[in-house]
Amino acid sequence: QVQLVESGGGLVQAGGSLRLSCAASGSIFSINAMGWYRQAPGKQRELVAVITKGGSTNYADSVKGRFTISRDNAKNTVALQMNSLKPEDTAVYYCNARVQHLGGVVREYWGQGTQVTVSS
């Protein structure tokens, strides 16, 4: 099994910044993609940003130019630097990892979620 532990959420004023971090631990052979998703009240969970093991990134249009995703392959961690935050960024943010186990099986794991609230 694999555990994803997130940290860094909180309350911030519009225009401010927050940094989310996520650490993966457990039975890990390799981690393919790592990413961040978010879910606002009454809305579906949506992709915020994803980064491959090789460093390729993809962002939701709504966060391009404001958020930056990064990862440390040696430490199995992923971070999301969020700048110029807007009230519409308010949501629970979830860390996601596609983990390859010994034998080649790939499974998807989720963190417990961390609340980000942006006040206007």
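## His 101 and the E9–E10 loop

In this predicted model, His 101 sits in the loop that connects strand E9 (91–100) to strand E10 (106–110). Is His 101 buried or exposed? His 101 has a relative accessible area of 7%, and because the limit for buried is under 20%, His 101 counts as buried. Its side chain forms a polar contact of 2.8 Å with the side chain of Tyr 109. Tyr 109 is also among the residues that His 101 touches beyond four places in sequence; the others are Val 2, Ser 27, Phe 29 and Arg 107.

Gly 104 is placed in the loop between E9 and E10 as well. Its relative accessibility is 39%, so Gly 104 is classed as partly exposed. Gly 104 and Ser 30 are 74 residues apart along the chain, and their C-alpha atoms are separated by 9.5 Å.

## Strand E9: Asn 96 and Ala 91

Asn 96 belongs to strand E9. With 3% relative accessibility, Asn 96 is buried. Which side chain does the side chain of Asn 96 meet in a polar contact of 3.1 Å? The partner is Glu 108. Glu 108 appears again among the contacts of Asn 96 outside the four-place window in sequence, together with Tyr 109 and Trp 110. The remaining residues touched by Asn 96 are Leu 4, Ala 33, Met 34, Gly 35 and Tyr 37. Tyr 109 is thus a contact of Asn 96 and also the polar partner of His 101.

Ala 91 is another residue of strand E9. Ala 91 is buried too, at 3% relative accessibility. Once neighbours within four places in sequence are set aside, Ala 91 is in contact with Arg 38, Gln 39 and Ala 40, and with Thr 114, Gln 115 and Val 116. Arg 19 lies 72 residues from Ala 91 in sequence, and the C-alpha to C-alpha distance between them is 14 Å.

## Val 63 in the E6–E7 loop

Val 63 is found in the loop between strand E6 (57–59) and E7. How accessible is Val 63, in relative area? The value is 0%, so Val 63 counts as buried. Beyond four places in sequence, Val 63 is in contact with Arg 38 and Val 48. Arg 38 is also in contact with Ala 91. From Val 63 to Leu 85 there are 22 residues along the chain, and the separation of their C-alpha atoms is 9.1 Å.

## Positive phi at Asn 76 and Ser 84

Asn 76 is a residue other than glycine, yet it has a positive phi near 55°. Its place is the loop between strand E7 (67–72) and strand E8 (77–82).

Ser 84 is not a glycine either, and its phi is positive at about 50°. Ser 84 lies in the loop between E8 and E9. At 40% relative accessibility, Ser 84 is partly exposed.

## The chain as a whole

The chain contains 11 strands and zero helices. Its radius of gyration is 14 Å, close to the 14 Å that the globule rule gives for 120 residues, so the chain is as compact as a globular protein of that length. The C-alpha trace spans about 50 × 25 × 20 Å along its principal axes. Among contacts with a separation of 6 or more, 55% are between residues 24 or more positions apart.

Of the 120 residues, 40% count as buried, and His 101, Asn 96, Ala 91 and Val 63 are among them. The accessible surface of the chain is about 6200 Å². Carbon and sulfur atoms contribute 48% of that surface. The chain carries 12 positive and 7 negative charges, and the mean positions of the two sets are 5 Å apart.

Definitions and conventions:
Residues are numbered from 1 along each chain as its sequence is written. This is a predicted model: local features need pLDDT of at least 70, side-chain atom pairs count only at pLDDT 80 or more; totals for chains, interfaces and linings use all residues. Side-chain values use heavy atoms; hydrogens and water are left out. Helices (H or I, at least four residues) and strands (E, at least two) are DSSP runs, numbered from the N terminus. Buried means under 20% relative accessible area, exposed over 50%, partly exposed in between (1.4 Å probe, protein chains only). A polar contact is a pair of N or O atoms within 3.5 Å; within protein, one must be able to donate a hydrogen and the other to accept it, and residues adjacent in sequence count only if both atoms are side-chain atoms. Contact means heavy atoms within 4.5 Å. The radius of gyration is taken over C-alpha atoms; the globule rule is 2.2 Å times the number of residues to the power 0.38. Accessible areas come from the Shrake-Rupley method with a 1.4 Å probe; for residues, only the protein chains shown count as cover. Lys and Arg count as positive and Asp and Glu as negative; His and the chain ends are not counted. The place of a charge is taken as NZ of Lys, CZ of Arg, CG of Asp or CD of Glu.
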